[in-house]
Amino acid sequence: MKDNLPAVDHLEFEESLEKLKRVVKALETGDLPLEESINAYTYGVRLTNHSQKLLASSKKKIESILAEHDNEE
């Protein structure tokens with residue numbers, strides 16, 4: 001099923017998080033029609049998953065740096 005939601009793969013972490021905050025705020029108001037609410041929720045899930053992937057990648061990088069540093073000593 002193809003949708004018209006914006007892509008998230010190119011977003012930096014901070015931008016993804018900011019967009020997610022806006023989605024949450026829009027959903028919390030309860031003013032969106034049902035279909036828009038579903039689209040917003042879907043987009044929010046995508047933003048959340050993307051942000052989690054970016055955090056996991058950053059964690060691996062930090063662990064790698066720490067491991068290299070420990071091996072140098």
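Which residues are exposed on the other side of α1? In this predicted model, the answer is Glu14, Lys21, Arg22, Lys25 and Glu28. The opposite picture comes from Ser16, Leu20 and Val23, which are buried in α1. Viewed down the helix axis, the buried residues of α1 fall within an arc of 60°, so they line one face of the helix. Those buried residues pack against α2, and the account below follows that pairing through the chain.

It helps to begin with the overall form. The protein chain holds two helices and zero strands. Its radius of gyration is 17 Å, well over the 11 Å that the globule rule gives for 73 residues, so the chain is more spread out than a compact globule. Along the principal axes, the C-alpha atoms fill a box of roughly 60 × 25 × 15 Å. Of the 73 residues, 15% count as buried. The chain exposes about 6000 Å², with carbon and sulfur atoms supplying 55% of that area. Among contacts between residues at least 6 apart in sequence, 76% join residues at least 24 apart.

The two helices can be taken in turn. Helix α1 has 17 residues and reaches 25 Å from its first C-alpha to its last, close to the 24 Å expected at 1.5 Å a residue. Glycine 30 follows α1, and its phi is positive, near 75°. Helix α2 has 39 residues, which should span 57 Å at 1.5 Å a residue; the end C-alpha atoms of α2 are 57 Å apart, in agreement with that value. Within α2, the buried residues are Ala40, Tyr43, Gly44, Leu47, His50 and Ser51. What covers them includes α1, just as the buried residues of α1 pack against α2.

Several of these buried positions belong to the nonpolar core. The largest such core has seven residues, namely Val8, Leu11, Leu20, Val23, Ala40, Tyr43 and Leu47. The elements that give two or more residues to this core are α1, spanning 13-29, and α2, spanning 34-72. It is α2 that gives the most, with three residues. Tyrosine 43 offers a good view of how the core is put together. Leaving aside neighbours within four places in sequence, tyrosine 43 is in contact with Leu5, Pro6, Val8, Lys19 and Val23. Val8 and Val23, two of these partners, are listed with Tyr43 in the core itself.

A pair of serines adds a further view of the packing between the helices. Serine 16 lies in helix α1 and, at 0% relative accessibility, counts as buried. Apart from neighbours within four places in sequence, serine 16 is in contact with Leu11, Leu47, His50 and Ser51. Leu47, His50 and Ser51 are among the buried residues of α2, while Leu11 and Leu47 are members of the core. Serine 51, for its part, is placed in helix α2. With a relative accessible area of 6%, serine 51 is buried. Residues up to four places away in sequence not being counted, serine 51 touches Phe13, Ser16 and Leu17.

Exposed positions complete the description. Tyrosine 41 is found in helix α2, where a relative accessibility of 56% makes it count as exposed; Ala40, by contrast, is buried in α2. The C-alpha atoms of tyrosine 41 and valine 24 are separated by 8.2 Å, although the two residues are 17 apart along the chain. Alanine 7 lies in the segment before α1. At 52% relative accessibility, alanine 7 counts as exposed, given that the cut-off for this class is over 50%. Between the C-alpha atoms of alanine 7 and leucine 34 there is a separation of 22 Å, with their places 27 residues apart along the chain.

Key. Residues are numbered from 1 along each chain as its sequence is written. This is a predicted model: local features need pLDDT of at least 70, side-chain atom pairs count only at pLDDT 80 or more; totals for chains, interfaces and linings use all residues. Side-chain values use heavy atoms; hydrogens and water are left out. A nonpolar core is a set of buried Ala, Val, Leu, Ile, Met, Phe, Trp, Tyr and Cys residues joined through side-chain atoms within 4.5 Å. Buried means under 20% relative accessible area, exposed over 50%, partly exposed in between (1.4 Å probe, protein chains only). Helices (H or I, at least four residues) and strands (E, at least two) are DSSP runs, numbered from the N terminus. Contact means heavy atoms within 4.5 Å. The expected span of a helix is 1.5 Å times one less than its number of residues. The arc is that of the directions from the helix axis to the C-beta atoms. The radius of gyration is taken over C-alpha atoms; the globule rule is 2.2 Å times the number of residues to the power 0.38. Accessible areas come from the Shrake-Rupley method with a 1.4 Å probe; for residues, only the protein chains shown count as cover.
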